[in-house]
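Reader: I should be grateful for a close look at one part of this structure, namely the place where metal is bound. Please explain it in connected prose.

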Amino acid sequence: MDLADRLRTDIAELQPAMIELRHRLHQRPEIGLELPETQRAVLDALDGLPLEVSVGESCSSVTAVLRGTAERSGPVPAILLRGDMDALPVQELADVEYRSTIDGAMHACGHDLHVAMLAGAARLLSAHRDALHGDVVFMFQPGEEGLNGAGHMIDEGVLDAAGARVQRAYGMHVAAADLPRHQLSTRPGTLMASSDWLSVTVVGAGGHGSAPHHAKDPVSVAAEIITALQTMVTRQFDIFDPVVVTVGSFHAGTRYNIIPGEARFDATIRSFSPAARAKIEQTSVQLCRDIAAAHGLEADARYHQEYPVTVNDATQAEFAAAVVAEVFGPDRFTLQEHPEAGAEDFSRVLEQVPGCYLFLGACPTDDPESAPDNHSAYAQFDDSVMPDGCLLHASLAIKSLQSLSGHQ
Ligand SMILES: [Zn+2]
Ligand SMILES: [Zn+2]
C-alpha cells in the first residue's frame, strides 16, 4: 500500500473522533482570544501524541511541534499548519442536532471543523513521522474573528516554535456556500482583502430643529460625508485595484425636532494592495475632515488598520494546487478567478513566510449558490469534508518537507 492509501486508511479510523470533537466544540462555542474549554479540548485531543505542546500567555492558543523521523541531514526544515478555533456572536438557527448550547454564540464560520481537522492531522502525522523530512508546527489559534489572534501567536514565537523559522505555512477555510462540497480552491497572489475600520465623529452644535442657523447640524454633514465616501471610491481609485467602503453603523440624535451635538458613523474598508490601502487611509480621513470644515464643523476621523491583504506565494499556490490534484484528482481543484473581499489574519503569517491558504467546500446541500453563507445564523458545514481537510494538511506537510529537504 502506498503512503496516500495508508493515510486514507488511518483517516477513516480517525473520522469518528474528528466528528465527535467537532460536534462537542460546536455545542460549546467560545468567542475571542480566551477559549478555555476549546483549548482544553485541543490539549485532550493531542494527549499522548509525540508532540512538544505549549500554550499561549496572551491568549488561549495551543502550539504543538512534531519532529519528523525520516532521514534528516543538514539543517532540518520546518513548516506550519494552522487552524483557527474561535466562534462568533451569532444566535444559531441552523437545524442541526449538535446545535450550540450557549446563547448568542455559534461556530458560524466553521472553525470547529478547522480544529478537528488540524487535531486529526496531528494524530495522523504522529503515526507517520517516518514520512516527515523535518518538523511540523501545529498552530491552534484563537481570536481570528477581528481580534488578531495570529498576531498574538507570532509575537509569542509560533513561527520559531520548532527552533528555527518555519519555511512554509499552510491554512485552509471551510465554505458553507459558493463552493461545491469537497471542492478545493485558491489562487496565486492576492487571495483576500485587507480589512480596516474608519471611525468618525462629526462634531457640531446642538439646537432647535426649527432654527438650524443657530446650530451646527452634524446629521446633514455626516450624511454628505457618507455619500462623498462612495464618490471618492469611484473617482480616486483604479477600478482594477478596487476598494470597498461600507458604512455599517450611523448614530445621531434622540428626537426629530432636536439638532444633536454630534453624529457618529463607522465604516469597514477593504482593499487589495498596500498602495490602495495607504491611499484610502489618507484620502478617507482627509475627506471627512475637509467636508466637515467646509460647513464650519469638525470631524474626528480615525483610521484603524486591522488585517493586511492575504497574499499566497505564487510558487506555493502552484504547489498546493498540484498536491490537491495528486491526492484528490484534478477535478477537485478550482482555480479561484478573483480575490475575495473577506479578510483573514493568517495574512500576518503569510507576510513573513511563503505559503498558501485554501478554501474547502463544505456545503451540506447540492446547491451551494443558494446556501446560507459563513457567519449566517443558518450556516451549516458538512462533517464529510473533514477527512479531506485532514488529508490535505498531512499531504502538504509531507510533500513540502520532502521538497525543502531535497528528497523529492
Ligand atoms: Zn469568519
Ligand atoms: Zn473564519
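Author: The following account describes the metal site and then a charged patch on the surface. The model is a predicted one. Two zinc ions, ligand 1 and ligand 2, are 3.0 Å apart, and cysteine 109 coordinates both.

The zinc ion (ligand 1) has as its protein donors Cys109 through SG, Glu145 through OE and His375 through NE2, at 2.0 to 2.3 Å. Along the sequence, these donor residues follow the spacing C-x35-E-x229-H. Cysteine 109 and histidine 375 link distant parts of the chain, being 266 residues apart. Cysteine 109 is in the loop between β3 (78-84) and α3 (111-126), whereas histidine 375 is in the loop between β16 and α9. Cysteine 109 has a relative accessible area of 6% and is therefore buried, since buried means under 20%. Histidine 375, with a relative accessible area of 40%, is partly exposed.

The zinc ion (ligand 2) has the protein donors Cys109 (SG), His111 (NE2) and His173 (NE2), which lie 2.0 to 2.4 Å from the ion. Their spacing in sequence is C-x1-H-x61-H. Histidine 111 is buried, as is cysteine 109.

The loop between β16 (355-361) and α9 (386-404) also holds glutamate 369. Glutamate 369 counts as exposed because its relative accessibility is 61%, and the cut-off for exposed is over 50%. Together with Asp178, Glu340, Asp367 and Asp373, Glu369 forms a negative surface patch.

Definitions and conventions
Residues are numbered from 1 along each chain as its sequence is written. Chains are lettered from A and ligands numbered from 1 in the order in which they are written. This is a predicted model: local features need pLDDT of at least 70, side-chain atom pairs count only at pLDDT 80 or more; totals for chains, interfaces and linings use all residues. Side-chain values use heavy atoms; hydrogens and water are left out. Patches are made of residues with over 30% relative accessible area and no salt bridge: like charges are joined within 9 Å, nonpolar side chains (Val, Leu, Ile, Met, Phe, Trp, Tyr) within 5 Å. Accessible areas come from the Shrake-Rupley method with a 1.4 Å probe; for residues, only the protein chains shown count as cover. A salt bridge is a side-chain nitrogen of Lys or Arg within 4 Å of a carboxyl oxygen of Asp or Glu. Lys and Arg count as positive and Asp and Glu as negative; His and the chain ends are not counted. The place of a charge is taken as NZ of Lys, CZ of Arg, CG of Asp or CD of Glu. Helices (H or I, at least four residues) and strands (E, at least two) are DSSP runs, numbered from the N terminus. Buried means under 20% relative accessible area, exposed over 50%, partly exposed in between (1.4 Å probe, protein chains only). Donors are N, O and S atoms within 2.8 Å of the metal (3.2 Å for Na, K and Ca); water is not among the atoms, so sites may look incomplete.
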